[in-house]
Amino acid sequence: MLDRDLIRRDPDFVRAGIARKHMDASIVDEFLTVDQAWRTATTHLDEKKAESNRISKSIGQLIGQGKKDEAEAAKAQTADLKKAIAELEAQERNLETDLKSIELQFPNLPHASTPDGETENENVFVREWGAKPEFADAPKPHWEIAENLQLLDLPRGAKITGSGFAVYTGQGARLQRALFNFMVDHQTLRNGYREIYPPFIVNRASLIGTGNLPKFEEDLYKVDDDLYLIPTAEVPVTNLYRDEILDAADLTVNLAAFSGCFRKEAGAAGKDTRGLLRIHQFDKVELVKFTKPEDSYAELELLVKDAESVLQSLGLHYRIVELCTGDIGAKGSKCYDLEVWSPGVDRYLEISSCTNFEAYQARRANIRFRREQGAKPEHVHILNGSGLACPRLFSAIVESFQQPDGTVLLPEVLRSYVGTDRLGA
RNA sequence: GGAGAGGUCGCAUAGUGGUCUAGUGCGCCGCACUCGAAAUGCGGUAAGGGGCAACUCUUCGAGGGUUCGAAUCCCUCCCUCUCCGCCA
């Protein structure tokens, strides 16, 4: 959601921002038309209601004074008014419903610094860390390593659930469990985030708050009338403070949450489908920040540092790119992707997206803060990023640290979590 | 899942059809008193919408209904607590 006043005051600015994202800006005119009609209707309705309230109050007074006849006369007076109010109310309600639904379809505007571009090809390289590991022979992809060492059982995953559901077995299961334990410890004990363990099922209101609904219903698993499996811990964690007013002294709030993530990703079939590259259920540690508006861009840089510190601790080569306006998606203002080097697949793979949503989600979820006692509440800025996604980290580790003898030599920091220094030993 | 009790402006409570534009206490803010503080006194203390403004509308868990008028009466739902059942 955007600021209504901004759209009214400077529609050209909003149109330009939407156009930079290569999205349809006609929604601005749609909004302005309905908004004008709604405001007119609201004003008329309020006038009628005020009149009705005045009469009702006078009836009370007349009865109190024992003037029954006059009270009855006043009652008769309200019949037409009542009818008019009912009509105006229906009209106003329809317009308001329309306006809200239009409002929820608005994409966020890109930050001025977000580079222009249409596709991921125009994303901008920011920096890299480490170097691609050298191998005597061509490195194997993780699905081969996993099969050799019996870390994964994808056929049985397909049998018991369906394609895109991975079963981790033996040391693979242990590594998977080690990864999220390590990452939660890392983000809480080292980087100072507060740990949250959220429900994996949320209601519609929460999904609207983060911007997953109403637009992306087809990406979600629905488990009941009003309940959905979460596509990321971002949804429950961001909504912790839905409809709340935070104290400025408590900002910035830094939260880290482990969760399972469930995504149908109906449109994504056929791309990156091998092994663990794109699966319907996966584990992830998510970082969420609630900040004052003036702090959010500095916090975005910190968020990226916290996410990449995991890769550094593991000794994995990665690069950071800044997404261009065409690739950033509807919700974000500015976004960096962390891409880990995957030698077996011979590609960089997105392992974290660190995004500043500014007030876009805060408006949808009604999350505000007060600068000082008595001050008017303002919307917070909300940021989030993976810290990190487990399957691609799993695959990057087994591919990057595969040994000539077929084993995988684990990074130092993981050894106590996995209980061994080597997979396949 | 069943039975009972309950959900009121940060917290605690009052309010059972019409000066409720929701009272009171605590907390908080301001002022006074004080060298300063405590205590005390006075005043102020919810959010959102429309309007240039005066002003006005909405919100007493949510949504419907009755009524000229609903925090208050009726219906449905949600949540919390107690007990029962079931269960890891």
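## A cis bond in a strand

Which strand holds Leu388? Leu388 sits in strand S13, which covers residues 381-389. This is a predicted model, and in it the peptide bond joining Gly387 and Leu388 is cis, with omega at about 10 degrees.

There's another cis peptide bond to look at, joining Leu251 and Thr252, and here omega is about 0 degrees. Thr252 belongs to the loop that runs between strand S5 (244-247) and S6. As background, most peptide bonds are trans.

## The overall picture

Stepping back to the whole chain: chain A has 425 residues, and 49% of them are buried. The secondary structure adds up to 13 helices and 15 strands. Measure the C-alpha trace along its principal axes and you get a span of about 100 × 45 × 40 Å.

What about the contacts? Take those in chain A with a sequence separation of 6 or more: 74% of them link residues that are 24 or more positions apart.

## Two domains and what lies between them

The domain assignment splits chain A into domain 1 (4-105) and domain 2 (120-423). Six residues of domain 1 and twelve residues of domain 2 take part in the contact. Going by C-alpha atoms, the centres of domain 1 and domain 2 are 43 Å apart.

How much area is buried between domain 1 and domain 2? The figure is about 700 Å², and carbon and sulfur atoms give 57% of that. On the side of domain 1 that touches domain 2, the residues come out as two nonpolar, two polar and two charged. As for specific pairings, five residue pairs are in polar contact across the interface of domain 1 and domain 2, both partners being at pLDDT 80 or more. The salt-bridge count across that interface is zero.

## Glu265 and its loop

Now for a loop in domain 2. Glu265 is in the stretch between strand S6 (253-262) and strand S7 (281-291). Is Glu265 buried or partly exposed? Its relative accessible area is 24%, so Glu265 counts as partly exposed; the cut-off for buried is under 20%.

Which residues does Glu265 touch, once its neighbours within four places in sequence are set aside? They are Asp219 and Arg278. For a sense of distance, Leu316 is 51 residues from Glu265 in sequence, and their C-alpha atoms are 28 Å apart in space.

## Two residues with positive phi

A quick reminder on backbones: most residues other than glycine have a negative phi. His22 has a positive one, near 60 degrees, and is not a glycine. You'll find His22 in the loop between helix H2 (11-20) and helix H3 (26-64). With a relative accessible area of 45%, His22 is partly exposed.

Gln150 is another non-glycine residue with a positive phi, in this case about 55 degrees. Gln150 is in a loop too, the one between helix H5 (142-148) and helix H6 (154-160). Why does Gln150 count as exposed? Because its relative accessibility is 60%, and the label exposed applies over 50%.

Key:
Residues numbered from 1 in each chain as written. Chains lettered and ligands numbered in written order. Predicted model: local features only at pLDDT ≥ 70, side-chain atom pairs only at ≥ 80, totals over all residues. Heavy atoms only, no water. Domains from an automatic or database assignment. Contact = heavy atoms within 4.5 Å. Buried area = accessible area lost by both parts, 1.4 Å probe. Salt bridge = Lys/Arg side-chain N within 4 Å of Asp/Glu carboxyl O. Polar contact = N/O pair within 3.5 Å; in protein donor to acceptor, adjacent residues only side chain to side chain. Nonpolar A, V, L, I, M, F, W, Y, C, P; charged D, E, K, R; others polar. Helix = DSSP H or I, 4+ residues; strand = E, 2+ residues; numbered from the N terminus. Buried < 20%, exposed > 50% of the residue type's maximum accessible area, 1.4 Å probe, protein only.
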